[in-house]
Amino acid sequence: MKFSLITAAFGLAATGVEAVDWNYVQKSGFNYGATDNNGRCRTYDDFRNLMTRARNLPNAPGPFRQATARLYTSIQCGTANTPISAFQAAMDTGTPILVGLWASGGRGNYENELNALLAAERQWGNRFTDLIMGISVGSEDLYRSSPQGVANNAGVGATGAEIEGYIGWLRDWIRNTRLQNKPIGHVDTFTAWELPENQGVARSVDWLGHNGFPYWESNKPNSIDNARANWDAGIAVTNRIANGKRVWVTETGWPHKGPNSGAAVASIENARKYWLDVGCHQFGFRNVFWYTLVDANVDQASISFGITPRDSANPFYSLQCPA
């Protein structure tokens, strides 16, 4: 059964989109924000070009053949609740997507997220929903509201109780729609997942998203030679909290340019080593969304995690994994 599902998934590009049980197909891809590195709203053409680039990266391992896309929001930047143009781009390129609902903007904004997602389901039907791997209610909201996030000035978040409520709200609204059986998750750091006040969120979801960046873990030995051990330790915490539920790698990477973080050094050589030591051991084993294909975080202008430059599809380093 799993063989036939995987065969169907890899055959999407050649045979047209078909319904696939994404719980059993471990795919790899990238994160896509709603804006570019200048803060400009990304358009349909932007998303389409990036998704096309992602699936044609030279020497990328097999799970990237139909590179997936993780979105942070379902709302097109600059609108109240219009579906994000990345949905149309995904349909036109056959790109599986992890739908995102931004959950740190308050109840009114979250309702707009739900309305945008449901509008897309009504407008495009199975053509849209067959590409959905899952739905993420929020991204690092628990971290931002935690003592660690507050100390780091990480921004506005949401509490575990709020995220639990949003998950229930989503399940109510998608009942009897084409979205009702899509696996629902939440994305956060292992330091947030392990807090007692967030265990209700872990119980409420179908899968847990793990964001892990050993580069930033400057409170411990964090040179590139320690990266694999630090990665393993962090995801082991999320695995324990998941208690048998699937854990998806929703963000990880190593910068090829930027300031030192403790003993961690940003360089092309180290970014390539991290891809080999951490990435190649995850691709095909879990759903992985690498950070990132092209830099787009306006708050991180001095650091670059992008695998390719903005104006070129040629990676900064080889993406080939050992056989």
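1. A quick definition before the salt bridges: a residue is called buried when its relative accessible area is under 20%, exposed when it is over 50%, and partly exposed in between. Keep in mind that this is a predicted model.

2. Start with Arg144, which has 10% relative accessibility and therefore counts as buried. Its salt-bridge partner is Asp141, with the closest N and O atoms 3.2 Å apart. Asp141 comes out at 0%, so this residue is buried too. Both sit in helix α7 (residues 141-145), three residues apart, or about one turn of the helix.

3. Now look at Arg175 and Asp172, whose side chains also form a salt bridge, at 3.2 Å from N to O. Here Arg175 is partly exposed at 47%, and Asp172 is partly exposed at 46%.

4. Next, a pair of helices. α3 (residues 44-54) packs against α4 (residues 85-93) at an angle of about 40°, and their axes are 8 Å apart. That angle makes α3 oblique to α4. The crossing is right-handed.

5. What does each helix bring to that contact? From α3 come Tyr44, Phe47, Arg48, Met51 and Thr52, while α4 supplies Ser85, Ala86, Gln88, Ala89, Ala90, Asp92 and Thr93. Sorted by class, that gives six nonpolar, four polar and two charged residues.

6. Asp92 and Arg48 also form a salt bridge, 3.9 Å from N to O. This one ties together distant parts of the chain, since α4 holds Asp92 and α3 holds Arg48, 44 residues apart. Asp92 is partly exposed at 31%, and Arg48 is partly exposed at 31%.

7. For the wider tally, the model has 13 salt bridges. Asp36, Arg40 and Asp46 are joined in a salt-bridge network.

Terms used
Residues numbered from 1 in each chain as written. Predicted model: local features only at pLDDT ≥ 70, side-chain atom pairs only at ≥ 80, totals over all residues. Heavy atoms only, no water. Axes fitted to C-alpha atoms, helices over the stretch in contact; angles between N-to-C directions. Helix = DSSP H or I, 4+ residues; strand = E, 2+ residues; numbered from the N terminus. Parallel < 35°, antiparallel > 145°, perpendicular 65-115°, else oblique. Left-handed = near helix turned anticlockwise from the far one by under 90°. Contact = heavy atoms within 4.5 Å. Nonpolar A, V, L, I, M, F, W, Y, C, P; charged D, E, K, R; others polar. Salt bridge = Lys/Arg side-chain N within 4 Å of Asp/Glu carboxyl O. Buried < 20%, exposed > 50% of the residue type's maximum accessible area, 1.4 Å probe, protein only.
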